[in-house]
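Reader: I would like a close look at a single part of this model, beginning with one residue and widening from there to the element that holds the residue and to its surroundings. Please take the description step by step.

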Amino acid sequence: MINNKNETNTHIQISPLSRPRRLRVSPWIRNMVSEHRVTVNDLIWPVFIQEGNNLRTPIASMPGVDRLSIDLLTLAVKEARDLGIPAIALFPATPANLKTQDGEEAFNPENLVCRTIRAIKSAVPDIGIICDVALDPYTSHGQDGLVRNGVVVNDETVEVLCKQSVVQARAGCDVIAPSDMMDGRVGAIRKALDNAGFSHVAILSYAAKYASAFYGPFRDAVGSANNLGKSDKKTYQMDPSNSSEALREVALDIAEGADMVMVKPGMPYLDVVARVKDAFKVPTFAYQVSGEYAMLCAAAANGWLDREKVILESLLSFKRAGADGVLTYFAVEAAKLLKTQ
Ligand code: PBG
């Protein structure tokens with residue numbers, strides 16, 4: 001019989017063989033048996049860029065996240081590097097006058113993203129740069145692809161995505177991350193990169209990207225919400241009701257040459273993260289998207305949730321599901337929190 005010495009007065013005698021609480025009795029043993037940990041190496045920091053100098057524009061729906069001009073972004077990226085964050089993901093807010101029906105600015109070697117890549121590569125060469133590939137920051141209609149007769153066309157879009165990828169690789173980007181969900185784009189981009197001499201540039205494909213309402217604040221941040229208006233992206237992004245389809249999408253992207261895959265959004269799709277990691281064992285990332293960030297911030301600001309605790313617990317949930325890393329707007333804050341733990 002096992003008697004807890006604090007409970008000697010009890011008349012009820014419980015004596016199960018296995019008492020899981022034995023392993024929770026104090027911090028040292030909890031640490032010793034803990035299965036998953038978030039470290040700074042798991043954090044990829046998505047950032048928003050704008051034109052100008054010494055400019056910082058708060059994004060109302062993402063409190064604490066600002067669009068930064070290149071000079072300020074470079075300083076912020078230095079801080080991220082000093083904290084040990086391995087990589088950033090760049091998202092440009094393209095000036096409205098440069099947005100066009102066909103998004104040609106996407107493959108302008110002097111566009112905001114390319115200038116940012118060069119600036120960061122020269123000032124902070126030891127942080128990884130991941131670049132989104134999709135046309136939505138550049139199109140006047142806000143869609144990720146070319147629109148012909150009201151339809152987002154696939155193959156013609158893929159040709160443009162290849163040009164965008166090569167231009168970004170030439171500027172010095174380390175990882176190309178196609179987020180557009182066109183069919184066949186990973187294979188085409190791989191070929192285009194190789195032909196242009198960028199066989200060392202990796203592809204992190206947004207393989208299972210859902211048509212989600214959780215992207216709302218991001219579209220405010222890059223200024224595509226108004227362009228998109230009442231339209232949606234359901235003809236190319238995945239239906240939230242599907243999960244086996246995510247496995248087919250991932251299989252295709254791996255076969256086409258994706259080095260790493262991503263599931264997006266994150267927390268509402270942890271089941272998909274787990275299935276993907278189980279099935280393919282490839283480096284798998286999850287994107288804790290803008291809406292997830294906004295939700296946690298709003299609840300914390302109201303005093304309804306403990307901000308620091310839910311940040312770390314939410315990141316841990318990705319690791320538990322099997323993710324190798326997380327794209328998160330909390331990256332810098334989380335890196336600081338992890339230091340004090
Ligand atoms: C662009 C893109 C989006 C996000 C990342 N890349 C938005 C969209 O597909 O509409 C969303 C990121 C976020 O919400 O944090 N294709």
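Author: In this predicted model, Gln-288 has a relative accessible area of 1%, and because buried means under 20%, this residue counts as buried. Its place is in strand 11, which spans residues 284-288. The side chain of Gln-288 is joined to that of Ser-314 by a polar contact of 3.0 Å. If neighbours within four places in sequence are left aside, the residues in contact with Gln-288 include Leu-296, Ser-314, Leu-315 and Phe-318, and also Val-326, Leu-327, Thr-328, Tyr-329 and Phe-330.

The burial of Gln-288 is shared by its strand: five of the five residues of strand 11 are buried, so the strand is largely enclosed by the rest of the structure. Thr-284, Ala-286 and Gln-288 point one way from strand 11, whereas Phe-285 and Tyr-287 point the other way, and all of them are buried.

Strand 11 has pairing partners that can be described in turn. With strand 10 (residues 260-264), strand 11 pairs in the parallel sense over three bridges, and Ala-286 is the bridge partner of Val-263. Between these two strands the chain passes through helix 9 (residues 270-280), and the resulting β-α-β crossover is right-handed. With strand 12 (residues 325-328), strand 11 again pairs in the parallel sense, here over four bridges, and Phe-285 has Gly-325 as its bridge partner in strand 12. Strand 12 residues also appear among the contacts of Gln-288, including Val-326, Leu-327 and Thr-328.

Tyr-287 leads from the strand to the wider interior, since this residue is among those with the most contacts inside the largest nonpolar core, which has 114 residues. Leu-43, Trp-45, Phe-48, Leu-90, Ile-120 and Leu-193 are also listed among the residues with the most contacts there. The largest share of this core, eight residues, comes from helix 4 (residues 155-171). In soluble globular proteins, nonpolar side chains tend to be buried together.

Two of these core residues extend the picture. Trp-45, with neighbours within four places in sequence left aside, is in contact with residues including Ala-76, Val-77, Ile-85, Thr-328 and Tyr-329; Thr-328 and Tyr-329 are also in contact with Gln-288. Leu-193 belongs to helix 5 (residues 185-195), where Arg-185, Val-186, Ile-189, Arg-190 and Ala-192 are buried along with Leu-193. These buried residues cover an arc of only 165° around the axis, which puts them on the same side of helix 5, whereas Lys-191 and Asn-195, on the other side, are exposed. What covers the buried residues of helix 5 includes helix 4, strand 5 (128-133) and helix 8 (244-255).

Definitions and conventions. Residues numbered from 1 in each chain as written. Predicted model: local features only at pLDDT ≥ 70, side-chain atom pairs only at ≥ 80, totals over all residues. Heavy atoms only, no water. Buried < 20%, exposed > 50% of the residue type's maximum accessible area, 1.4 Å probe, protein only. Polar contact = N/O pair within 3.5 Å; in protein donor to acceptor, adjacent residues only side chain to side chain. Contact = heavy atoms within 4.5 Å. Core = buried A, V, L, I, M, F, W, Y, C linked by side-chain atoms within 4.5 Å. Arc of directions from axis to C-beta. Pairing = 2+ DSSP bridges. Right-handed = clockwise from strand over helix to strand, strands pointing away.
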